[in-house]
Structure formats: C-alpha cells, structure tokens
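Open the model in your viewer and keep the selection tool at hand. We will go from stop to stop, and at each one you will hear what to select and what is there.

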Amino acid sequence: MLCSRLVLSALLVVCLCSTHSVCLTRNASLPANYECKRVQHTKTCSAKVCCERPAREQEVKKVNVDLYIESLCPDCRMFMAYQLFPTWCLVEDIMNVTLVPYGNAKENRGKEGWEFTCQHGPDECYINLLETCLIYLLPNNDDHLPIIHCMETADDPVTAAELCVQILASTKIWNDMVKCSNGSLGNDIMHKNAVRTDGLQPPHKYVPWIVINGVHTEEIQQQASNSLLAVVCHTFKGTLPAACSV
C-alpha cells in the first residue's frame, strides 16, 4: 500500500516509510503532516496505512540523489516537501539520498574557525549547521530524512527543530546536535559542505541543486523538479517497484 494519510475521528495517522514502518499520532505544535510521539514499530497500525515492502530478490545499485540546499530557501523547502521526501517514501529501496546543507552561503577563515554567512541570515546558518550535525550523527536516510522533512515543512524550522528531533529520534540526539553545532566538529563538517558545494562541476548557480548519479544538467534539474519519482524510476537499472508504475 502506498504511503497515505487518513483522518480517523480527531486522530491523524501518518506513515513514514522506512525499512520499518513508523506510526505516529498528532501534536498541534508540529506541521499538520507531523505527529507527536512514536507509538510503535509495526507493519500495520490503525487503518493499515503503513507501508510494506517485499524484499528485493537481488542487490542492484541504487540511484544516488545528491541535493545541495539551504535550510530557509523557499524552493528548497518546496522540493523537500513535494518531491524528495514523497519519492524517498515510495521508492527508498532503489534510491540513496545525500543532503548537503550549505547552498549559497559564504565562508571565511576566522581566528577560531570558519565563519559562515548565509543568504537568509543567521537563522539559516543555524539550521544548516543543525541539519549537518544531524546527518553526521545519524547518517542513514531512514534516521535523518524524516527529521529534516519535519523541520523543513514546519512554519518555522528554527522553533520546530528541537521538537522534531525529540519526537523522531531522542532528546540525547538533540543534545548531541547542539554540542556538535556549537563546537569545532560542526564547524569542520560545515566547511566540508562548503568545499563540496563550491567544488561542484558545473558550478552551482542556484538551490536546490540536484545531482543524479553524479551528473547535473539543466535537463535533469527540470525533470527532477517536475517529478523526481519519474527520474529515479527511469534511471534505476533493476526490477522496478510497484510505485514506479503509478
């Protein structure tokens, strides 16, 4: 069954597809499509809206989707909400996502480390850094993508960040993220994001900047912006999942 949202009485149930299904219940402090606490890990919940994926018969190289973003960019947030996360939810088993938070930021070497200036101000630098530390601490897509999606689809990612992490991971991870972002570790990882972004070929001109299997062209960008699912399904060389025929 494809991922879906059903309103059952006053309860909104959402399924976040991953290697296991996660069923969540609603909290009004989060975006309307996010929920308040982890209830269970099971293949079925409530009205059986959670996803079940059959094991693939053989290992086939996944499609690599590299996304260069900045946290408060409206176009980045739209792409995350309506293309990247839904596509990953449907065909996670044939795609691998690499998020690189930095975008159009600038860096300079200061006395105590790298100093960053972001297009949308200090709040964007703060969320970029938190997301960078989260990806470092929880490198699997299953662990960090739902959290970043929660943050990026909130009205205010700055105020939603802590709650999203505590709900979808733990308070400990949040504390580790804050420690990372305030220290040399986060500064070093963000510098690596800057080097990676500034080293893109062709050089990036805007964000989100989409790279499929190491290649960026304007055609790929346009196609992925219109339907990332179609691009991933077309690029994958193995047996296609059912979602590719929808």
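Start with helix α1, residues 74–91, which lies across β5, β6 and β9. Against β6, α1 runs at about 155°. Please keep in mind throughout that this is a predicted model.

**The sheet under the helix**

Now select the strands themselves. They form an open sheet of 3 strands in the order β6-β5-β9, and the pairing is mixed. Why do β6 and β9 each have one side without a neighbour in the sheet? Both β6 (95–101) and β9 (209–212) stand at the edges with a single partner strand, so one side of each stays free of a neighbour there. Look along the strands, and you will find neighbouring ones turned against each other by 15° on average, direction ignored.

Next, pick β5, residues 63–69, together with β9: these two pair in the antiparallel sense over 4 bridges. To see one facing pair of residues, show Tyr68 and Trp209; Tyr68 stands opposite Trp209, which belongs to β9.

Add helix α6, residues 184–198, to the view. α6 lies across β5 and β6, and its direction is at about 105° to β6.

**His204, between α6 and β9**

Follow the chain on from α6 and stop at His204, in the loop that leads to β9. Is His204 buried or exposed? Its relative accessibility is 18%, and buried means under 20%, so His204 counts as buried.

Turn on side chains here. The His204 side chain makes a polar contact of 2.9 Å with the side chain of Asn104. The His204 side chain also reaches the backbone oxygen of Gly103, at 3.3 Å. Setting aside neighbours within four places in sequence, the residues in contact with His204 are Gly103, Asn104, Thr197 and Trp209. You have met Trp209 already, as the residue opposite Tyr68.

**Two more loops**

Go to Cys118, in the loop between β8 (113–117) and α2 (122–137). With 11% relative accessibility, Cys118 counts as buried. Beyond four places in sequence, Cys118 touches Ala105, Glu124, Cys125 and Asn128. If you draw a C-alpha to C-alpha distance from Cys118 to Asn128, it should read 9.1 Å, for two residues 10 apart in sequence.

For a contrast, select Asn182 in the loop between α5 (171–181) and α6. At 64% relative accessibility, Asn182 counts as exposed. Leu129 is 53 residues away from Asn182 in sequence, while their C-alpha atoms are 9.0 Å apart.

**Zoom out**

Finally, show the whole protein chain, with its 7 helices and 9 strands. Of its 246 residues, 49% count as buried. Among contacts with a separation of 6 or more, 66% join residues 24 or more positions apart. The chain exposes about 12500 Å², of which carbon and sulfur atoms supply 52%.

Before you leave, colour the chain by pLDDT. The mean is 84, and 76% of the residues reach 70 or more. Residues 1–28 have pLDDT below 50, although the model gives this stretch 100 contacts beyond near neighbours in sequence. Residues 35–57 also stay under 50, with 73 contacts beyond four places in sequence. Where pLDDT is low, predicted coordinates should not be read in detail.

Key:
Residues numbered from 1 in each chain as written. Predicted model: local features only at pLDDT ≥ 70, side-chain atom pairs only at ≥ 80, totals over all residues. Heavy atoms only, no water. Pairing = 2+ DSSP bridges. Axes fitted to C-alpha atoms, helices over the stretch in contact; angles between N-to-C directions. Contact = heavy atoms within 4.5 Å. Buried < 20%, exposed > 50% of the residue type's maximum accessible area, 1.4 Å probe, protein only. Polar contact = N/O pair within 3.5 Å; in protein donor to acceptor, adjacent residues only side chain to side chain. pLDDT = per-residue confidence, 0-100. Areas by Shrake-Rupley, 256 points an atom, 1.4 Å probe, with all protein chains shown as cover.
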